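Student: I would like to learn how to read a model of this kind, beginning with a single residue and working outwards. Could we take it step by step?

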Amino acid sequence: MNASGKCHCGEISYSFKKSKLISTHHCHCKDCQRSTGSGKATILFVPKKYLELKGDLKFYELKGSSGSHIQRGFCKNCGSGILSYAKEIPHINYIKAGSLDDSSWVKVDSNFFIDSAYDWNKPDSTIKSFNKNPSIISNIKTLIKSF
Ligand SMILES: [Zn+2]
Ligand SMILES: [Zn+2]
């Protein structure tokens, strides 16, 4: 089964096989709050090689809360955030769940950065939580269900 998504104006679109999904997370870090304008970002970890992307994303780089260099990709026409990745682990893309055409099947595995979550957008207490992020670069294996 394929999952597909797009930006608001349709200039950027993507698809990937659901079976290639690594994991899904709510990220409450300040960077995600600012870039989404919301309490958190919900992101799907998908190997870059299994993602089919159409259109030219514009990237904005910032130093992430954990010290890695995050590239945030968005549509330069409508501004919708589509995906991001850490320069240090460029083979995994973090797709914004809200850009999926149908996100009803998404199941979130854990919360990142609950230290910076607010009462108006409380972390889901029924799933595993990390105060910051689970040292993605060194512990990436623990997040990976399948490649
Ligand atoms: Zn667009
Ligand atoms: Zn974040």
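Student: Where does E11 lie, and is E11 buried, partly exposed or exposed?

Tutor: Bear in mind throughout that this is a predicted model. A residue is classed by counting the other C-beta atoms within 10 Å of its own, with 20 or more meaning buried and 12 or fewer meaning exposed. E11 has 16 other C-beta atoms within 10 Å, so it is partly exposed. E11 belongs to the loop between strand 1 and strand 2.

Student: Which residues does E11 touch, leaving aside those up to four places away in sequence?

Tutor: With that exclusion, E11 touches G55, C75 and N77. A C-alpha separation adds to the picture: E11 and L57 are 46 residues apart along the chain, yet their C-alpha atoms are separated by 9.1 Å.

Student: How should I read the turn around that loop, and what is the phi of G10?

Tutor: Begin with the strands on either side and then look at the backbone of the turn. Strand 1 and strand 2 form a hairpin with six residues between them, and within the turn G10 has a positive phi of about 90 degrees. The two strands pair in the antiparallel sense over five bridges, strand 2 being residues 13-17. Individual partners help in tracing the ladder: K6 is bridged to S13 in strand 2, while N2 stands opposite K17 of strand 2.

Student: Which strands make up the sheet that contains this hairpin, and in what order?

Tutor: It is an open sheet of three strands in the order 1-2-5, with antiparallel pairing. Strand 1 (2-6) and strand 5 (52-54) are the edge strands, each pairing on one side only. From one strand to the next, the twist averages 10 degrees. Strand 2 pairs with strand 5 in the antiparallel sense over three bridges, and there S13 has K54 of strand 5 as its bridge partner.

Student: How do I read the two faces of strand 2, and which residues lie on each?

Tutor: In a regular strand the side chains alternate between the two faces of the sheet. In strand 2, Y14 and F16 form the covered face, whereas S13, S15 and K17 form the uncovered one.

Student: How many strands form the other open sheet, and which of them stand at its edges?

Tutor: Eight strands form it, in the order 6-7-8-9-4-3-10-11, and the pairing is mixed. Strand 6 (57-63) and strand 11 (128-129) stand at the edges with a single partner strand each, so one side of each has no neighbour in the sheet. Within this order, strand 4 and strand 9 pair in the antiparallel sense over five bridges, with F45 bridged to Y94 in strand 9.

Student: How many residues has the largest nonpolar core, and which elements give two or more residues to it?

Tutor: In soluble globular proteins, nonpolar side chains tend to be buried together. Here the largest nonpolar core has 27 residues, and those with the most contacts inside it are C27, I43, F45 and V46. Two or more residues come from each of strand 2, strand 4 (41-47), strand 7 (69-75), strand 8 (81-86) and strand 9 (92-96). Strand 4 gives the largest share, five residues.

Student: Which residues does C27 touch beyond its sequence neighbours, and what is unusual to look for in the phi of F113?

Tutor: Not counting residues up to four places away in sequence, C27 touches C32, K40, A41, I43, F112 and F113. As for F113, look at the sign of its phi, which is near 55 degrees, a positive value in a residue other than glycine. F113 is found in the loop between strand 10 (110-112) and strand 11, and it counts as buried because it has 25 C-beta neighbours inside 10 Å.

Student: What is the secondary structure of the whole chain, and how compact is the chain for its length?

Tutor: The protein chain has two helices and 11 strands, following the pattern β-β-β-α-β-β-β-β-β-β-β-β-α along the sequence. Its radius of gyration is 14 Å, close to the 15 Å that the globule rule gives for 147 residues, so the chain is as compact as a globular protein of that length. Buried residues make up 31% of the 147 residues. Among contacts between residues at least 6 apart in sequence, 54% join residues at least 24 apart.

Key. Residues numbered from 1 in each chain as written. Chains lettered and ligands numbered in written order. Predicted model: local features only at pLDDT ≥ 70, side-chain atom pairs only at ≥ 80, totals over all residues. Pairing = 2+ DSSP bridges. Helix = DSSP H or I, 4+ residues; strand = E, 2+ residues; numbered from the N terminus. Axes fitted to C-alpha atoms, helices over the stretch in contact; angles between N-to-C directions. Core = buried A, V, L, I, M, F, W, Y, C linked by C-beta atoms within 7 Å. Contact = placed C-beta atoms within 7 Å. Rg over C-alpha atoms; globule rule 2.2 N^0.38 Å.
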